[in-house]
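Subject: Structure for you to look at

Hello,

Here is the structure I said I would pass on. Please open it alongside this email; my notes on what was found follow below.

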Amino acid sequence: HQIVFDVTTDIALYGERRELHSAFSNLISNAIRYTPEGGQITVSWSISQSKHGIFAVKDTGPGIDAVHLPRLTERFYRVDGSRSRDTGGTGLGLAIVKHIATRHNAQLLITSVVGEGSTFKLRFAPERLDLM
């Protein structure tokens, strides 16, 4: 894999360090797990025009059909049962990420196009950032 880090700000994020680390590492490890060898993963941290903190993980994996997107954060939900045998995992990762996001006044936003890849974003409220 080619992993690119695109950090456009050094603004700090307030939160529970262990939980945030878990959420961020889960999104990155999922991208590595589901992106074919030679694919690209971009990890970014930026501030939107509306002053929200955006942590994003974008991959060039197989993508996910839109019909599955609303259920991805359900515990044990699998897009394809054979994926769990091929890639490992428990099916809890995105449920945990969503729970951590909620505890940190954030949203988990998922976009994906089959054949092009997926983007998983954690969008943090401005009050969670050190904007001073």
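A good place to start is Phe120. Not counting residues within four places in sequence, Phe120 is in contact with Leu27, Phe55, Ala56, Val57, Ile64, Leu72, Leu94, Leu109 and Ile110. Please keep in mind that this is a predicted model.

Phe120 also appears in a wider group. The largest nonpolar core has 24 residues, and Phe120 is among those with the most contacts inside it, along with Leu27, Phe55, Leu72, Leu122 and Phe124. Which elements supply at least two residues each to this core? They are helix 1, strand 2, strand 3, helix 3, strand 4 and strand 5 (117-124). Helix 1 gives the largest share, with 5 residues. As general background, nonpolar side chains in soluble globular proteins tend to be buried together.

Confidence and overall layout

The mean pLDDT of the protein chain is 88, and 86% of the residues reach 70 or more. Confidence is highest in strand 3 (residues 53-59), with a mean of 98, and lowest in helix 2 (residues 81-87), with a mean of 48.

The chain has 3 helices and 5 strands. Read from the N terminus, the order of elements is β-α-β-β-α-α-β-β. The chain is 132 residues long, and 39% of them count as buried. Among contacts with a separation of 6 or more, 65% are between residues 24 or more positions apart.

Helix 1 and helix 3

Helix 1 (residues 17-34) packs with helix 3 at an angle of about 145°, and the two axes are 9 Å apart. Their crossing is left-handed. On the helix 1 side, the contact is made by Glu19, Leu20, Ser22, Ala23, Asn26, Leu27 and Asn30. On the helix 3 side, it is made by Gly93, Leu94, Ile96, Val97, Ile100 and Arg103. Sorted by kind, the residues of this contact are 7 nonpolar, 4 polar and 2 charged.

Ser22 is one of the helix 1 residues in that contact. Leaving out residues up to four places away in sequence, Ser22 touches Ile96 and Ile100. Ser22 and Ile100 are 78 residues apart in sequence, yet their C-alpha atoms are 8.5 Å apart in space. Is Ser22 buried or partly exposed? Its relative accessible area is 30%, so Ser22 is partly exposed.

Which residues of helix 3 are buried? They are Gly93, Leu94, Ala95, Val97, Ile100 and Ala101. The cover over these buried residues includes helix 1, strand 4 and strand 5.

Two more residues to find

Ile28 is also in helix 1. Its relative accessibility is 21%, and buried means under 20%, so Ile28 counts as partly exposed. Beyond its neighbours within four places in sequence, Ile28 is in contact with Val43, Phe55 and Val57. Ile28 and Ile3 are 25 residues apart along the chain, and their C-alpha atoms are separated by 9.7 Å.

Trp45 lies in strand 2. With a relative accessible area of 12%, which is under the 20% cut-off, Trp45 is buried. Setting aside neighbours within four places in sequence, Trp45 is in contact with Asp6, Val7, Thr8, Thr9, Ile11, Leu13, Gly53, Ile54, Phe55, Phe124 and Leu129. One of these, Thr9, is 36 residues from Trp45 along the chain, with 6.9 Å between the C-alpha atoms.

Phe55 is worth selecting on screen, as it turns up in several of these lists. It is in contact with Phe120, with Ile28 and with Trp45.

Two positive phi values

Where is Lys51? Lys51 lies in the loop between strand 2 (40-47) and strand 3. Its phi is near 75°, a positive value in a residue other than glycine. Lys51 is partly exposed, with a relative accessible area of 47%.

Asn105 is not a glycine either, and has a positive phi of about 55°. Asn105 sits in the loop between helix 3 (93-103) and strand 4 (106-113), just after helix 3. At 39% relative accessibility, Asn105 counts as partly exposed.

Regards

Definitions and conventions: Residues numbered from 1 in each chain as written. Predicted model: local features only at pLDDT ≥ 70, side-chain atom pairs only at ≥ 80, totals over all residues. Heavy atoms only, no water. pLDDT = per-residue confidence, 0-100. Helix = DSSP H or I, 4+ residues; strand = E, 2+ residues; numbered from the N terminus. Buried < 20%, exposed > 50% of the residue type's maximum accessible area, 1.4 Å probe, protein only. Axes fitted to C-alpha atoms, helices over the stretch in contact; angles between N-to-C directions. Left-handed = near helix turned anticlockwise from the far one by under 90°. Contact = heavy atoms within 4.5 Å. Nonpolar A, V, L, I, M, F, W, Y, C, P; charged D, E, K, R; others polar. Core = buried A, V, L, I, M, F, W, Y, C linked by side-chain atoms within 4.5 Å.
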